Amino acid sequence: LNPRLAEFGTTIFAEMSALAQRTGAINLGQGFPDTDGPEEIREAAVRALREGRGNQYPPGPGVPELRAAVSEHQRRFYGLDVDPDTEVLVTAGATEAIAAALLALVAPGDEVVALEPYYDSYAACVALAGGTRVPVTLRPDGPDGGFRLDLDELRAAVTDRTRLLLLNTPHNPTGTVLTRAELTAVAELACERDLLVVTDEVYEHLVFEGEHVPIASLPGMHDRTVTISSSGKTFSFTGWKVGWVTAHPELLTAVRSAKQYLTFVSAGPFQYAIAEALALPDTYFTALREDLRAKRDLLAAGLADAGFTVHPPRGTYFITTDVRALGERDGFAFCRSLPERCGVVAVPNAVFHDDPEAGRSQVRFAFCKREAVLREATDRLRALA
Ligand code: PMP
Ligand code: GLN
């Protein structure tokens, strides 16, 4: 095994989903919806397959229809001007976008400052690129009990070796949504220290309080930001693996160079279908958010009732809890025993930290599930108390 990969075994999501399957427990671990996305978009994929659109290698940057739809989406929701020909790259999910961006932009010895806890692929991809990750830990000391970024800590984490800031808002697993003021401060720091920003915005449409602000829209950021998103979350097709990158042409070309040798191109027919999905009316996006807001409230209330400390998320479809209130100390041990104790699977946040002590007692639950499933899960969790 390449020593750069040595510390990364099986992902926690694979481990916990396997545990759920083995035990028949309700899987609130891995974040995937238990209801597929819109019927008309599935039909659009079938049509593309039947009509032979995308069955052979599609263009490297993505099919023109999808690049145009991504550009139009950025204009419609954020007023951003993105050239579909030179500033959009279609990827195999956000996961490939993250890998391609980090492999393209990080050289051995470069430091990458990332919000912690972080989505697990960040650490592995920084390591594959030979970079060093420098965590800035979000802490649950926000006014509403949610997690918060300490801007002084962020500033202090930047050194002369820092190449880029790796952001994620709305943030998995804490549900933090960085505010315009926070992002403005981050943008000022990036400009002052001449840093690139790679920002993972896959949960851009899942914001329940506040607003999603793409950092690329802030002054001085267009030329230094690589923005990543994905159809997996917004359209509930995590299995299709259609993601995209938007960036200034120079940065986009760099990311595209890496993508060429990772997957060359991404699956064709699904790209046509997602082009149609991005053009769905505003009511689609609002309904998705409102449905998940109700589910968040349902799961949060159930978890609180069951004795967990709940750190309310402002976005995403995850809730981070603390299990110390239940007399537990270790999230790992807790998650491994939970299926047997009450038939529910969750994910320990410790795996998203460089220093596992930092997230030791935190456990993440996903609420992108049918209401009846969430009710059954919370009933089972109440039995723990
Ligand atoms: N980034 C974050 C923060 C995520 O939560 C996920 C999905 N789990 C991804 C990236 C990966 O997205 P995709 O499935 O499109 O590769
Ligand atoms: N993004 C999802 C999560 O955080 C699943 C990711 C995965 O399975 N790699 O749960």
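User: Before we look at this predicted model, what makes a run of residues a helix here?

Analyst: Happy to start there: a helix is a DSSP run of H or I with at least four residues, and helices are numbered from the N terminus. Helix α4 covers residues 93-105, so this run meets the minimum of at least four residues.

User: Which helix gives the most to the shell around ligand 1?

Analyst: That is helix α4, with three residues. The shell holds 13 residues, and G93, A94, T95, S230 and G232 come nearest to the ligand.

User: What makes the count of polar residues in that shell nine?

Analyst: Gly counts as polar under the rule used, so glycines fall in that class. The shell then divides into nine polar, three nonpolar and one charged.

User: Why does the radius of gyration of the chain agree with a compact globule?

Analyst: For 385 residues the globule rule gives a value near 21 Å, and the chain has 20 Å, so the two agree. Along the principal axes, the C-alpha atoms fill a box of roughly 55 × 55 × 45 Å.

User: What makes a residue buried, and what share of the chain is buried?

Analyst: The cut-off is 20 or more other C-beta atoms within 10 Å of the residue's own. Buried residues make up 50% of the 385 in the chain.

User: How do you know where the annotated domain lies?

Analyst: The unreviewed UniProt entry places "domain: Aminotransferase class I/classII large" at residues 25-380. In the model, that span is 40% helix and 17% strand, with its end C-alpha atoms 10 Å apart.

How values were computed:
Residues are numbered from 1 along each chain as its sequence is written. Chains are lettered from A and ligands numbered from 1 in the order in which they are written. This is a predicted model: local features need pLDDT of at least 70, side-chain atom pairs count only at pLDDT 80 or more; totals for chains, interfaces and linings use all residues. A residue is near a molecule or strand if its C-beta atom, placed from the backbone, lies within 6 Å of it. Helices (H or I, at least four residues) and strands (E, at least two) are DSSP runs, numbered from the N terminus. The radius of gyration is taken over C-alpha atoms; the globule rule is 2.2 Å times the number of residues to the power 0.38. A residue is buried if 20 or more other C-beta atoms lie within 10 Å of its own, exposed if 12 or fewer, and partly exposed in between; C-beta atoms are placed from the backbone. UniProt positions are given in the numbering used here, feature names are shortened, and annotations may be inferred rather than shown by experiment.
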